[in-house]
Amino acid sequence: MKFKIVTLGCKVNAYESEYMKECLLKSGFIYDDNYPDIVIINTCSVTNMADRKSRKIVHKEKREHPLACLVVAGCSSQNHSSDYEKMDIDILIGNKNKSKIVDLIKDYIDNHNKYTYFTSNRDLEFEDMKVEKFTTHTRAYIKIEDGCDNFCSYCIIPYVRGSVRSKDFQKVLEEARVLALNNHQEIVLTGIHTGRYQWMDKDLSDLIYELAKIPELKRIRLSSIEITELNDKFLELLKNEPKIANHLHIPLQSGSDTVLKMMNRKYNTAYFKEKIAKIRRICPDISITTDCIVGHPYETVECFKEYVDFCKEINFSKLHVFPYSKRDGTASSRMPQIDDDIKKERVKVLLELSKELEDTYASTFVGKKLLVLTEEIDGEYTTGLTSNYLKVYIKGKYTSNQMLLVEITEIKNDKIVGEVVLSQE
Ligand code: SF4
């Protein structure tokens with residue numbers, strides 16, 4: 001039987017989809033985007049827009065493949081189970097039971113019994129999954145943690161992904177060894193709150209320290225980490241371990257202390273600034289990217305001005321900008337809301353700033369040599385990513401998944417262009 005998977009949202013969802021795909025392939029199912037007998041949609045609920053998009057895709061797939069077995073999973077179905085229950089879905093789950101996908105599908109094929117399962121329990125066990133080889137990217141993801149206990153005022157994730165739990169330390173190492181032997185030179189450690197990784201007495205730094213000993217593994221990246229989790233032990237590791245990517249994605253969310261407080265974030269701007277200074281003392285040219293929510297309740301004109309100034313002061317290398325989106329059931333949804341037009345204006349301001357910051361950061365690398373992990377051919381170039389997360393357009397055509405030493409020659413039409421100096425091997 002043939003199947004396809006449509007994935008929305010974050011790297012955690014991407015990992016879980018890849019896992020479901022691998023399990024189905026190993027069980028004899030065939031991947032086919034065009035004529036599937038089974039369609040799996042792994043949904044996202046991070047914003048209202050993501051929910052809308054998830055529902056739209058479910059309808060679209062049902063329309064295009066009316067006879068296929070329709071499977072819906074993920075954060076949006078978890079968050080709005082009653083809405084999804086009204087749709088004609090054959091297997092409907094939330095964030096639990098993705099690891100049972102093969103049995104659920106086989107059971108449906110044999111008996112045609114529709115299946116729905118949701119739990120509202122926050123204290124869940126870590127649902128063990130394991131991917132041996134990623135089919136869609138050269139970089140491999142490992143989900144090392146799930147859930148969040150922070151309850152930021154605007155966020156629904158703690159309600160749909162449960163409380164913090166982590167993957168068995170030895171199992172992460174085993175998974176990374178297999179991925180590395182299958183030619184993945186870079187792994188990205190992912191989770192909802194990756195910095196809270198804890199297995200017995202081992203934390204994230206202990207895990208990276210052990211992962212770095214795997215010889216075939218060249219680069220270890222974190223999908224993101226909270227500023228409060230960048231403790232001295234981690235900073236020491238950052239200083240001494242060359243395999244850690246020269247890039248940290250640290251969500252800021254607002255640059256105004258008033259708004260940060262209303263968001264129930266666990267730091268203020270002074271704390272953020274001090275930690276960034278510490279990081280830059282260790283790695284002066286590190287790329288620090290961030291997430292910015294714009295238009296959260298209580299973001300006055302003055303607060304927004306402070307926010308923009310703070311982003312400039314921190315000198316991020318890129319801002320991921322999101323207009324605040326009201327999520328029912330969260331504390332922020334009960335606060336006075338900001339007009340959509342104001343949000344749009346402010347998003348524009350931060351996007352423009354991001355462009356400036358990106359250009360400034362990238363231009364400091366012109367004339368320098370960086371290792372690039374190649375991904376795909378794009379016209380006369382091969383694209384790839386550096387340790388500090390720059391997308392480089394290398395002149396010429398190279399096979400994917402090679403670590404090449406590249407000299408950055410120019411920034412041309414918003415592209416960072418480089419030439420191979422020599423291949424690392
Ligand atoms: S840390 Fe805050 S923003 Fe991030 S998932 Fe947890 S509650 Fe949501």
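**Helices, sheets and a ligand shell**

Student: Is the crossing of α7 and α8 left-handed or right-handed?

Tutor: We're looking at a predicted model here. Helix α7 covers residues 169-181, and its axis is 10 Å from that of α8. As for the hand, the crossing of α7 and α8 is right-handed.

Student: At what angle do α7 and α8 pack?

Tutor: Picture the two axes 10 Å apart. The angle between α7 and α8 is about 35 degrees.

Student: How many charged residues are there in the contact of α7 with α8?

Tutor: Let's go through who takes part. From α7 come F169, V172, L173 and A176, while α8 brings L207, E210 and L211. Six of the residues are nonpolar and none is polar. For charged residues, the count is one.

Student: Moving on to α8 and α9, are they roughly parallel or roughly antiparallel?

Tutor: Helix α8 spans residues 204-211 and helix α9 spans 232-240. Their axes come within 9 Å and cross at roughly 20 degrees. Angles under 35 degrees count as roughly parallel, so α8 and α9 are roughly parallel.

Student: And is the crossing of α8 and α9 left-handed or right-handed?

Tutor: Keep that crossing angle of roughly 20 degrees in mind. Where α8 passes α9, the crossing is left-handed.

Student: Which residues of α9 make the contact with α8?

Tutor: On the α8 side you'll find L204, S205, I208 and Y209. The residues of this contact divide into five nonpolar, one polar and one charged. On the α9 side, the residues are K233, F234 and L237.

Student: Now the strands: which ones stand at the edges of the sheet β7-β10-β13?

Tutor: This is an open sheet of three strands, with parallel pairing. An edge strand here has a single partner, so one side of it is left without a neighbour in the sheet. That describes β7 (140-143) and β13 (219-222).

Student: What residue is the bridge partner of A140 in β10?

Tutor: Strand β10 holds residues 186-190, and four bridges join it to β7. The two strands run parallel. In β10, the partner of A140 is I187.

Student: Which helix lies across β7 and β10?

Tutor: Look for a helix running at about 100 degrees to β7. Residues 11-26 form that helix, and its name is α1.

Student: There's a sheet β14-β15-β16 too; what is its average twist from one strand to the next?

Tutor: Three strands make up this open sheet, and they pair in parallel. β14 (247-249) and β16 (318-323) have a single partner strand each, so they stand at the edges. From one strand to the next, the twist averages 15 degrees.

Student: What is the bridge partner of H249 in β15?

Tutor: β15 is made of residues 287-294, and three bridges pair it with β14 in the parallel sense. Opposite H249, the partner in β15 is T289.

Student: Last one: how many polar residues are in the shell around the ligand?

Tutor: C148, N150, F151, C152, C155, I157, P158, I192 and H193 surround the ligand. Seven of the shell residues are nonpolar and none is charged. For polar residues, the count is two.

Conventions. Residues are numbered from 1 along each chain as its sequence is written. This is a predicted model: local features need pLDDT of at least 70, side-chain atom pairs count only at pLDDT 80 or more; totals for chains, interfaces and linings use all residues. Two strands pair if DSSP finds at least two bridges between them. Two residues are in contact if their C-beta atoms, placed from the backbone, lie within 7 Å. Axes are lines fitted to C-alpha atoms, for helices over the stretch in contact, and angles run from 0 to 180 degrees between N-to-C directions. Angles under 35 degrees count as roughly parallel, over 145 as roughly antiparallel, 65 to 115 as roughly perpendicular and the rest as oblique. A crossing is left-handed if the near helix is turned anticlockwise from the far one by less than a right angle, and right-handed if clockwise. Ala, Val, Leu, Ile, Met, Phe, Trp, Tyr, Cys and Pro count as nonpolar, Asp, Glu, Lys and Arg as charged, and the others, Gly among them, as polar. A residue is near a molecule or strand if its C-beta atom, placed from the backbone, lies within 6 Å of it.
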